[in-house]
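Please find below some notes on the aromatic side chains, written for someone opening this structure for the first time. Each point can be read with the model in view.

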Amino acid sequence: MSKQKLTFNPLSAWASNEKKPLIISGPCSAETEEQLVNTALALKKLNVHAIRAGIWKPRTRPNSFEGNGTIALPWIKSVKEATGLPFATEVATPQHIEEALKYGADILWIGARSTVNPFTVQDMADALKGVDIPVLIKNPINPELALWIGAIERIYNAGVRNIAAIHRGFSTQRKTKFRNEPLWGIAIELKTVFPDLPIICDPSHITGKRTAIYEVSQKALDLNYDGLMIEAHLDPDNAWSDAAQQVTPAALEQIISALKIRQATSQDAMFINHLEEMRHQMDDIDRDLLEVLAQRMTMVQKAGEYKREHNVAIFQQDRWAEIFKSRPEWAEKMNVNKDFVADLFKLIHTESIRIQTEITEREKLKA
Ligand code: PEP
Ligand code: MN
């Protein structure tokens, strides 16, 4: 997709990451100095690589807690002095960048609601010219790879080479168990566009609930992600933002110790890893396939009921003759074996008849 060949610094250039994965953790928001410093001290014991906290919070609705802003800036120094760890925060305007840098932030991230807007990203890219600081770029809210790529290119063109992508999932219309559907295929495609771009998973914003953090983190590691950004809070239930998805430092310790870390040490291991990536993609595609199939069956049912209401025969031979002719033809154009597709539609046909017969049975029962 991208015409530019971009080369990024490896994580090791800006994060001591001998122990993969890189772990960035901390509260969703910097609530009070005490909360921030105490959380960071508890996380330091887990050997996390950096502390995160939102100082400016881009919230969907104006009455939510929008971050402490300027008054929280001096707390950056307190966290760094107490832990010796680098501090990461979200920036959304050139002024945020200026203030975050002035108060000693070590890592900046661009949030999903900013990545979506090229004007915003360009303003920040201009403010980052000549600044040597790692910038993490979250995926845009909507599932559009080009916007993510565009934001990375804009920051890269400002001269920043310590860039990593953060995969935090996407807003979709589909009902899923996630707060933001991961759509792993989009992140994998990003890796094929920028093979050496480090990628970090944010399971907190993907899942929206603490019980699912482990599962999504493991999946990210199985896909060979370079790091994880996980929200942690000393008292998650009373957090001022994103309460349901934050974990205590103790819970994070358990998550980290349960994670299986894949090492790509030999040709064989790389092969296995790649095969696994492909299998995960296939799992996602299969789920999509099933969702589409479920939608089709709902339509079969609706059409069956509609015909019954209008006293029209449920099974229409001409319609199915047309389907058996057209679908294999469409398949051929898409390089899919037409006999396989003909067989597949025979199965779909059988199932459609079963569903439609049930509708007739129900009518008989009512009568
Ligand atoms: C966050 O990291 O707290 C945040 C607001 O994230 P996102 O931009 O992914 O919604
Ligand atoms: Mn959050």
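1. In this predicted model, a convenient place to begin is F324, whose relative accessible area of 28% makes it partly exposed, since that value falls between the 20% limit for buried and the 50% limit for exposed. Its partner W320, by contrast, has a relative accessible area of 8% and is therefore buried.

2. W320 and F324 form a tilted aromatic pair, with 5.7 Å from centre to centre and 45 degrees between the planes. Both residues belong to helix α12, which covers residues 317–333, and they are four residues apart, or about one turn of the helix.

3. The count of aromatic pairs comes to six. Among them is the pair of F65 and W240, which is edge-to-face because the planes of the rings stand at 90 degrees, with the centres 5.1 Å apart. This pair links distant parts of the chain, as F65 lies in the loop between β2 (50–52) and α2 (73–83), while W240 lies in the loop between β8 (227–231) and α10 (249–258), 175 residues apart. As for its surroundings, W240 has a relative accessibility of 42% and so counts as partly exposed.

4. A further group to inspect is the aromatic cluster formed by F8, Y156 and F194. Within this cluster, the ring of Y156 also has the charged end of R161 sitting over it, at 3.6 Å from the ring centre.

How values were computed:
Residues numbered from 1 in each chain as written. Chains lettered and ligands numbered in written order. Predicted model: local features only at pLDDT ≥ 70, side-chain atom pairs only at ≥ 80, totals over all residues. Heavy atoms only, no water. Phe/Tyr/Trp six-rings, centres within 6.5 Å; stacked < 30°, edge-to-face > 60°. Helix = DSSP H or I, 4+ residues; strand = E, 2+ residues; numbered from the N terminus. Buried < 20%, exposed > 50% of the residue type's maximum accessible area, 1.4 Å probe, protein only. Lys NZ or Arg CZ within 6 Å of the ring centre and 35° of its normal.
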